[in-house]
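Work through the following exercises with the sequence and the structure side by side. Each one sets a task and is followed by a solution in steps.

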Protein chains: 2
Amino acid sequence: MPFAPLQNDCFLRACQRLSTPHTPIWLMRQAGRYLPEYRATRARAGSFMGLATNTDYATEVTLQPLERYPLDAAILFSDILTVPDAMGLGLSFALGEGPRFATPVRDEAAVNALAVPDMDKLRYVFDAVTSIRKALNGRVPLIGFSGSPWTLACYMVEGAGSDDYRLVKSMLYGRPDLMHRMLQVNADAVATYLNAQIEAGAQAVMIFDSWGGVLADGAFQQFSLAYTAQVLSKLKREHDGVVIPRIVFTKGGGLWLQQMGQLDCEVLGLDWTVNLGQARQLVGGHKALQGNLDPNVLFAPAPQIEAEAVRVLDAFGQPHTGSGTGPSQIFNLGHGISQHTPPESVEVLVNAVHSHSRRLRAGPST
Amino acid sequence: MPFAPLQNDCFLRACQRLSTPHTPIWLMRQAGRYLPEYRATRARAGSFMGLATNTDYATEVTLQPLERYPLDAAILFSDILTVPDAMGLGLSFALGEGPRFATPVRDEAAVNALAVPDMDKLRYVFDAVTSIRKALNGRVPLIGFSGSPWTLACYMVEGAGSDDYRLVKSMLYGRPDLMHRMLQVNADAVATYLNAQIEAGAQAVMIFDSWGGVLADGAFQQFSLAYTAQVLSKLKREHDGVVIPRIVFTKGGGLWLQQMGQLDCEVLGLDWTVNLGQARQLVGGHKALQGNLDPNVLFAPAPQIEAEAVRVLDAFGQPHTGSGTGPSQIFNLGHGISQHTPPESVEVLVNAVHSHSRRLRAGPST
């Protein structure tokens, strides 16, 4: 059964650098704890994984922010760490804490035991994708995602978040052979996983290299970028005759924009440390840029939120309005939205982005 | 009473871009918990502040790493947060945790109550500087330091470390007037504090902008860089007829190197995300560069430590060997040394830096 036709294609057009009437906006982690209705659903689900693995709950929370705000895309409600969980590492989320693996990968035997997981173990994700796509009924496109091979490796070795990445970097510097072996398994697994999301109905996919920015220059290219490139080379470019744009976001990767500009993907995600105008020049004309408001702006009063949204749009500069391809921005935060964000701030932001970006397209007032 | 004449002036010469027989090396947090003798002294002192405020203890631990390794500089044992502590915010360090302020600065009344502290409250720091300088007896120069105005503000508002800087950025975006008021007090206090360290015997000073890198492009320039520049403009250039080099280190500041290259200081510190060769080009010829090995390299076996040290030296490229000024590196880590570092790794590193940098100066083998 085919899905309903798309009503708002701004996001997908912007990914392909086609002109749009306004700058599309969606927010990383837009279905999340800052919304009281999300907290209510999560309470019913009992746990984060209870929420993510239940098709109905995952569908419900994915659509919640769209009921409140005129966002231009939905993103699958899931976690970046589902793949290593399916490898048998035992993912859990203690309340108020980050993710944790019961069985971290810290020695040669553990690395050698790693393999691309049976995708049946991730069936709950693909089922959620299809269910959400149906529930969206063509309102906006649905984005699928995964952690990058390196970011998965960080959590797999550390077993949890870290502030110094000592364990994973000890392996990287001390046993680079093991690290490469793990990253190869991760790259194969992530590619298979994202292709299955595409087959299930994802209309774009995003690779979150959340921890690429903690690497040293040189190590980033070798241990993160090279494996992200491998994943990209294995992804489907089209599904059912429609292009599937691919977004790569390396948090803290601003120093490597020129090299990331060589990646075979349609969109680069940027955090707030990057100047969007400079990024346009460094990346070159072949990619759309996604970002990059500091999520903490959403704690300010409405006039400051509006001013900062305008600043980000103006930093990118004039979007193109003609036929063919040209400079193209997708508005987003530079990182996931904070759980402490007042929900009304998001409304201010979305409206400011839509209205100022329409003004920009109307050209300078005379 | 004048201090003893300096025997090893490599570090001070490198700061001024004068030629040196080898690349000088020192390590951020080189007097610290990875050394068993430090842990023994700290146990006797009872607490971190007990250690930092006692002249004899502070002198003892500052000299400990010099007894083990042929480092080219000493750095005052103290903390970046002594200034806000002297403002009355009540600094403490719980065992195994980071710093904490009893009275964080979170509203207009608290900001208005801030003032440059009486330097008598920081007498213990200046006494330690003089005592260490005497104990060094001219072996290597002594570096004094402070947190940057912005980094102090982060801790003053958050009250402790943070992973999202939500409170301080809420003030920055919501009440920029308050943030500027606080930063002005901090800049005045830091300049006064560093000048007093110079008068007490510090032969170079370093401003740690540890959290500059968490700011958005635009905000960094306005709320961090501008106040660091103010501090620099107020610092003594010489003391007793000798030049006092000034080092600025913004962790995560690699994207703003061109602008930092305009600062009125002698040295820029860099973290490991930066390519030293590119940094040389971006910063221009008027500053020495300090950095930038990933501290986690020190968890690898000796051959990998040596290889990574060589990689960092080679990335910077050929240092100059002639008369006058020219390209000049000071080797360091890109951040403080980890408490978990094996002490023998530091010996491997220091020897590798000294020997490879001597080879580099001898020119390419034919």
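Two strands are said to pair if DSSP finds at least two bridges between them. The model used throughout is a predicted one.

**Exercise 1. Place strand β4 of chain B between its neighbours, and determine which of its residues are buried.**

Step 1. Begin on one side of the strand, where β1(B), residues 74-75, pairs with β4(B) in the parallel sense over two bridges; here B:A74 has B:L142 of β4(B) as its bridge partner.

Step 2. Turn next to β5(B), residues 204-209, which pairs with β4(B) over five bridges, again in the parallel sense. Within this pairing, B:G147 finds its bridge partner in B:F208 of β5(B).

Step 3. For the burial, recall that a residue counts as buried if 20 or more other C-beta atoms lie within 10 Å of its own. By that criterion six of the six residues of β4(B), which spans 142-147, are buried, and the strand is mostly covered.

Step 4. Sort these residues by direction, bearing in mind that in a regular strand the side chains alternate between the two faces of the sheet. B:L142, B:G144 and B:S146 point one way from β4(B), whereas B:I143, B:F145 and B:G147 point the other way, and all of them are buried.

**Exercise 2. Write down the strand order of the sheet in chain A, and examine β8(A) and the pairing of β10(A) within it.**

Step 1. The sheet of chain A is open and consists of seven strands in the order β1-β4-β5-β8-β9-β10-β11, with parallel pairing. Its edge strands are β1(A), residues 74-75, and β11(A), residues 329-333, each of which pairs on one side only.

Step 2. Follow β8(A) to its two partners. Five bridges join β5(A), residues 204-209, to β8(A) in a parallel arrangement, and A:M206 stands opposite A:I247 of β8(A). Three bridges then join β8(A) to β9(A), residues 267-269, also running parallel, with A:V248 standing opposite A:L268 of β9(A).

Step 3. Consider the surroundings of β8(A), residues 246-250: because five of its five residues are buried, the strand is largely enclosed by the rest of the structure. Both of its faces are covered, since A:R246, A:V248 and A:T250 on one side and A:I247 and A:F249 on the other are all buried.

Step 4. Finish at the β11(A) edge, where five bridges join β10(A), residues 288-293, to β11(A) in parallel; in this pairing A:N292 stands opposite A:N332.

**Exercise 3. Which crossing class describes α13(B) and α14(B), and which describes α8(B) and α10(B)?**

Step 1. The axes of α13(B), residues 276-283, and α14(B), residues 302-316, come within 6 Å and cross at roughly 30°. Angles under 35 degrees count as roughly parallel, so α13(B) is roughly parallel to α14(B). The residues that make the contact are B:L276, B:G277 and B:R280 of α13(B) together with B:V312, B:A315 and B:F316 of α14(B), and the crossing is right-handed.

Step 2. For α8(B), residues 149-158, and α10(B), residues 176-200, the axes come within 9 Å and cross at roughly 120°, and these two helices are therefore oblique to each other. Among the residues in this contact are B:W150 and B:M156 of α8(B) and B:M182 and B:V190 of α10(B). The crossing of α8(B) and α10(B) is right-handed.

**Exercise 4. Is B:S323 buried or exposed, and where does B:S323 lie?**

Step 1. B:S323 is found in the loop between α14 and β11 of chain B.

Step 2. A residue is exposed if 12 or fewer other C-beta atoms lie within 10 Å of its own; B:S323 has 8 such neighbours and therefore counts as exposed.

Step 3. Although 304 residues separate B:S323 from B:S19 in sequence, their C-alpha atoms are 6.8 Å apart in space.

**Exercise 5. Describe how chains A and B are related, and what each brings to the contact.**

Step 1. A turn of 180° with a shift of 0.0 Å along the axis lays chain B on chain A with an RMSD of 0.0 Å; the two copies are thus related as by a two-fold rotation axis. In chain B, the C-alpha nearest that axis belongs to B:L255, at 3.0 Å.

Step 2. The same surface serves both copies, as 100% of the contact residues of chain B recur in chain A.

Step 3. The contact takes 28 residues from chain B and 28 residues from chain A. On the chain B side, α9(B), residues 166-174, and α14(B) each supply at least two residues, and the largest share, five residues, comes from α9(B).

Notes
Residues are numbered from 1 along each chain as its sequence is written. Chains are lettered from A and ligands numbered from 1 in the order in which they are written. This is a predicted model: local features need pLDDT of at least 70, side-chain atom pairs count only at pLDDT 80 or more; totals for chains, interfaces and linings use all residues. Helices (H or I, at least four residues) and strands (E, at least two) are DSSP runs, numbered from the N terminus. Copies are superposed by least squares on the C-alpha atoms of residues with pLDDT of at least 70 in both. Two residues are in contact if their C-beta atoms, placed from the backbone, lie within 7 Å. Axes are lines fitted to C-alpha atoms, for helices over the stretch in contact, and angles run from 0 to 180 degrees between N-to-C directions. Angles under 35 degrees count as roughly parallel, over 145 as roughly antiparallel, 65 to 115 as roughly perpendicular and the rest as oblique. A crossing is left-handed if the near helix is turned anticlockwise from the far one by less than a right angle, and right-handed if clockwise.
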